[in-house]
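Reader: I am new to this structure and would like to learn how its descriptive terms are justified. Could we go through them one at a time?

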Amino acid sequence: MNEADTRAELIEPQLKASGWGIVDGSRVLREYHITKGRIQAGPSTPSSGSGTLGGKPLIADYVLEYRNRKLATVEAKSDETDVSEGVMQAKQYAAKMELDFTYAANGKEIYGISMKAGTEGTVSAFPSPEELWNNTFAEQNEWQAAFDAVPFEDVGGTKQARYYQEIAVNNVMKAIAENKQRVLLTLATGTGKTFIAFQIAWKLFQSRWNLKRDGSRRPRILFLADRNILANQAFNAFSAFSEDALVRIRPEEIRRNDRVPTNGSIFFTIFQTFMSGPPDPDGNPSPYFGDYPKDFFDFIIIDECHRGGANDESNWRGILDYFSPAVQLGLTATPKRKDNVDTYAYFGEPVYIYSLKEGINDGFLTPFKVRRIQTTLDEYTYVSDDKIVEGEIEAGKVYKEADFNRSIEIVQREEFRVKRFLAEANQSEKSLVFGATQAHAALLRDLINQNADSNDPMYCVRVTANDGGQGEMYLREFQDNEKSIPTILTTSQKLSTGVDARNVRNIVLMRPVNSMIEFKQIIGRGTRLFDGKEYFTIYDFVGAYINFLDPEWDGEPIAETCEKCGMSPCECERPAPKPCSVCGDTPCVCEIGPPEPCEKCGERPCKCKKKVKIKLADGKERQIESMASTSFWDASGVPITAEQFLERLFGVLPEFFKDEEELRKIWSLPNTRRQLLEKLADVGFGKEQLGEMQRLIDAEKSDVYDVLEYVSFAIAPITRQERVDDAKSNIFAFLNHQQREFLDFVLSKYVETGVEELDESKLPQLLTLKYHALEDATEILGDVTNIRSTFIDFQKHLYKRKVA
């Protein structure tokens, strides 16, 4: 029997005999999609529209679920295949889903594997649901059972929990059941932390868990954020709760009612609201959170908890300490580093980590490419023919990226960068532009509107703290995927985190990003999935790409603190500074001493000094030049150079064809050509990557075939037009007038667009474009079989090697 028959006639009856799908609460999930597969730009196919998935999805033949917990996977094989052929797949699926048990089966044998114990071997039958439950949960816990009895809420069938979201929720519920007081989850931006928080709150609410752990009442849960937009997004995400259960705490309502709200179950607020409040009679601060009893909340969720919530001096720490009886869950997108170590010290190690790399490789986050753009004015030293518009210049000083738009401003420089971005990007795509300050964000807004193709005055708007409610309105309109205006938002800090805008296609960095935490948050603005969005682009004008080279980019924990220097990473191996070439001392003592305090502001150095504004000498802005480069990425998410990418492509191509003649045969047939492109995409060389290689070797008017020939056999590319001119006489030799006319049209589209026009899936579209209706095409060219044969056969001549 084939695999489908084996499953239907042998394996499924075996599962049924063990009680699966029969015992109350047990389910057999068929063809269960664990991951979606990494999104990869690829050639057009009838089924995939504009692109294909470069990474294959992980699909388990069966997942066994009991009491709302997934307990095991089953990998099925044909009864003619040895059961051992399914073992590695079964292990792969179980490892991904963090399941203790998995099975391979072929209808004749069942091979069982305990992932935790490391034991495996043939078993006589599948375990019953109760047996598998008891084997998985050797230690029973009353509250764990109560939580598991509450199914995941699918919000009216609109939202199913992904595998990693289920793991995150289950791990948090386990920690709560074991009476842990502080819990931490670390998941990459865009992976659904708010949805996970909702599921946790749902299980706590439905099971009637509370601090007394007696089931006497439903819990009171606080969702604490640091921005109104985050609190509002969470409030909306919890809409499955009844309206009277949800409470949005706002300062104006507290003042109006002269008391904090207490009627409800799920409360949402920002820490600024909780920290505000009128002073007490003695004039001391009296924050609103103090109006609640310390044990009022049973459970507190702290969103983006890495942003200053855990050190002893922080504002959040006072709130958390006051409500110390509550179980506290921290949500963060940033793995442990030197600048958020307080968060990890407070909450402890995360009960689950899901990284950016995992999200991209699983297909739940959008991959990205980086365009590094450098100009001849990335640094500036004043020369006398430039005009000082305002402020005092430091003669001889080399102004670097960190100085621009803070202590010095050159409008022509910023305009050049804006024009460079607009020239490269699709101006109809939604973009976020990050400037150095709010004033810089305003300048960028104006420059974009002045130079963009759009005439809409709201094409680009600024959203910063100073823009208040108007900025919030712009942001909501930007997030609305049905609206195209505003198309570009400029900002400085406000939009670096927490903003759910799924269709962001470009992120433009026009200010340095020195914090890895902030860098990951900014990148996360583009990773959210959207239909047709195969990647997003980071336009890097400031050298932020160096963050990708940090070994902790994808979330490895920080190194242990050095016992000698107390630093992490260790700094005691750092070479000593060189002696000064003038005075010979280290550190140098011949430099001018520290500046005197400013007479106006008293600060050293002066802080009241105006920003220097420079106007470049006439015509000088036209001399600014730029250099752009594209970073490629290997399978593990590490950036590599174009040369490294070329070397890897050279190394992998022999797996697909042994010589030039075999490549030509493969490429000459639409079916085998498509198969080759799909195989290349599977190993990381998809349409987008091969397109970049075309640009790098100046072969944009050539065929992808020329790229493969050039990389494999060092054959110089020819243009598509040259290929058509060379082959036309052979193509037309045995065709009638009507066939020649049609293929002449096809070849013109090939020259104009590329090899994708020669795919069989394009044939109906080409016929409709040429003849307006398929019926007209068949009347002129003959039946469909003849048309198809003509379309396929001519391609052999197109790629036939020209004899010198």
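Author: We can begin with a pair of facing residues: Ile113 stands opposite Glu120 in strand E8. This is a predicted model, in which local features need pLDDT of at least 70 and side-chain atom pairs count only at pLDDT 80 or more, while totals for chains, interfaces and linings use all residues. Residues are numbered from 1 along each chain as its sequence is written, and side-chain values use heavy atoms, with hydrogens and water left out.

Reader: What makes E7 and E8 a pair of strands?

Author: Two strands pair if DSSP finds at least two bridges between them; E7 and E8 have five bridges, in the antiparallel sense, so they satisfy that definition. The hairpin of E7 and E8 has four residues between the strands, and Gly118 takes a positive phi near 75 degrees there.

Reader: How are the helices and strands of the chain identified, and how many are there?

Author: Both are DSSP runs numbered from the N terminus, with at least four residues (H or I) for a helix and at least two (E) for a strand; the chain has 26 helices and 26 strands.

Reader: Why is the link between Asp100 and Lys116 called a salt bridge?

Author: The term asks for a side-chain nitrogen of Lys or Arg within 4 Å of a carboxyl oxygen of Asp or Glu, and in Asp100 and Lys116 the closest N and O atoms are 3.4 Å apart, so the pair qualifies. Asp100 lies in the loop between helix H2 (87-97) and strand E6 (101-105), and Lys116 in the loop between strand E7 (110-114) and strand E8 (119-123), so the salt bridge ties together parts that are 16 residues apart in sequence.

Reader: Which of the words buried, partly exposed and exposed fits Asp100, and which fits Lys116?

Author: Buried means under 20% relative accessible area, exposed means over 50%, and partly exposed is in between, with a 1.4 Å probe and protein chains only. Asp100, at 18%, is therefore buried, whereas Lys116, at 65%, is exposed. Of the 804 residues of the chain, 50% count as buried.

Reader: What other salt bridges can be set against the definition?

Author: The structure holds 32 salt bridges, among them the one in which the side chains of Glu660 and Arg664 meet at 2.7 Å, N to O. These two residues are four apart in helix H18 (residues 660-667), so about one helical turn separates them, and both Glu660 and Arg664 are buried. Another salt bridge joins the side chains of Lys728 and Asp744 at 2.9 Å, N to O. Lys728 lies in helix H22 (residues 720-732) and Asp744 in helix H23 (residues 737-753), so this pair ties together parts that are 16 residues apart in sequence. Lys728, at 28% relative accessibility, counts as partly exposed, and so does Asp744, with a relative accessible area of 35%.

Reader: How do you know that Phe794 is buried, and which residues does Phe794 touch?

Author: Phe794, found in helix H26 (residues 784-798), has a relative accessible area of 3% and is therefore buried. A contact means heavy atoms within 4.5 Å; leaving aside residues up to four places away in sequence, Phe794 touches Ile731, Leu743, Val746, Leu747 and Leu758. Phe794 and Ile731 are 63 residues apart in sequence, yet 5.6 Å apart in space, C-alpha to C-alpha.
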